[in-house]
Amino acid sequence: MPASSAAQQQDIFQAVADPTRRELLSLIGERELPLKELTPHFPMSRTAVSKHLHVLAHADLVRERKVGRETRYRVNADPLLEIKRWLDYFDRFWDNKLNMLKHYVEQDPTESEKS
């Protein structure tokens, strides 16, 4: 994997690690919004919200579009596929472990005595 791709993946995981940035992704996931409509959702300054959006944009999770003097933000969900693939591995891991536990719990006690 090229270094730039690895760096971007790291940025994606770091970007979504912060609850504020996850909330921003949720808000702009439904529709494109300007900073002035995003800021009231958070107990921080407009500059702080803008910095969070910059981190998301650097990870390519957010796209910006100028409309007059206003910048609008929208989600770019494509990079989230890497996170989904990573989580899918753990879904399979835990499904396997839970199936093994289920088999163990449902096992006939007399069956284990025979062994």
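## Worked exercises: bridges, sheet and core

D60 forms a salt bridge with R63, the closest N and O atoms being 3.3 Å apart; a salt bridge here is a side-chain nitrogen of Lys or Arg within 4 Å of a carboxyl oxygen of Asp or Glu. The model is predicted, so local features need pLDDT of at least 70 and side-chain atom pairs count only at pLDDT 80 or more, while totals for chains, interfaces and linings use all residues. Residues are numbered from 1 along each chain as its sequence is written, and side-chain values use heavy atoms, with hydrogens and water left out.

**Exercise 1. Describe the salt bridges and the exposure of the residues that form them.**

Step 1. Start with the total: a search of the whole structure gives 8 salt bridges.

Step 2. Classify the opening pair by relative accessible area, where buried means under 20%, exposed over 50%, and partly exposed in between (1.4 Å probe, protein chains only). D60, at 25%, is partly exposed, and R63, at 34%, is partly exposed too.

Step 3. Move on to E37 and R31, whose side chains meet in a salt bridge at 3.7 Å, N to O. E37 is partly exposed because its relative accessibility is 35%, whereas R31 is exposed, with a value of 51%.

Step 4. Now take E70 and K36, which form a salt bridge at 3.5 Å, N to O. E70 lies in strand β3 (residues 70-75) and K36 in helix α3 (residues 35-38), so this pair ties together parts that are 34 residues apart in sequence. Helices (H or I, at least four residues) and strands (E, at least two) are DSSP runs, numbered from the N terminus. K36 itself is partly exposed, at 48%.

Step 5. Finish with the network: salt bridges link E32, R65 and R74.

**Exercise 2. Work out the strand order of the sheet, and find which strands stand at the edges.**

Step 1. Pair the strands, remembering that two strands pair if DSSP finds at least two bridges between them. Strand β1 (residues 33-34) joins β3 through 2 bridges, and the two run antiparallel. Strand β2 (residues 62-67) pairs with β3 over 6 bridges, also in the antiparallel sense.

Step 2. Check the register. L33 stands opposite Y73 in β3. V62 has V75 as its bridge partner in β3, and R63 has R74.

Step 3. Look at the connection: β2 and β3 form a hairpin with 2 residues between them, and G68 in the turn has a positive phi of about 65°.

Step 4. Assemble the pieces. The 3 strands make an open sheet in the order β1-β3-β2, with antiparallel pairing. β1 and β2 are at the edges with a single partner strand each, so one side of each has no neighbour in the sheet.

Step 5. Add the helix. Helix α2 (residues 19-30) lies across β1, β2 and β3 and runs at about 100° to β3. For that angle, axes are lines fitted to C-alpha atoms, for helices over the stretch in contact, and angles run from 0 to 180 degrees between N-to-C directions.

**Exercise 3. Find the largest nonpolar core and the helices that supply it.**

Step 1. Apply the criterion: a nonpolar core is a set of buried Ala, Val, Leu, Ile, Met, Phe, Trp, Tyr and Cys residues joined through side-chain atoms within 4.5 Å. The largest one has 19 residues, and L24, L38, V49, L53, L56, L61 and Y73 have the most contacts inside it.

Step 2. Trace the suppliers. α1, α2, α3 and α4 each give at least two residues to this core, and the largest share, 4 residues, comes from α2.

Step 3. Inspect V49, leaving out residues up to four places away in sequence: V49 touches L24, L35, L38, T39, F42 and M44. Contact means heavy atoms within 4.5 Å.

**Exercise 4. Are A15 and H52 buried or exposed, and what do they touch?**

Step 1. A15 lies in helix α1 (residues 3-17) and is buried, with a relative accessible area of 0%. Beyond its neighbours within four places in sequence, A15 is in contact with R21, V55, L56, A59 and L61. The C-alpha atoms of A15 and V55 are 6.3 Å apart, although 40 residues separate the two along the chain.

Step 2. H52 lies in helix α4 (residues 46-58) and counts as buried, at 15%. Not counting residues up to four places away in sequence, H52 touches D18, T20, R21, L24 and M44.
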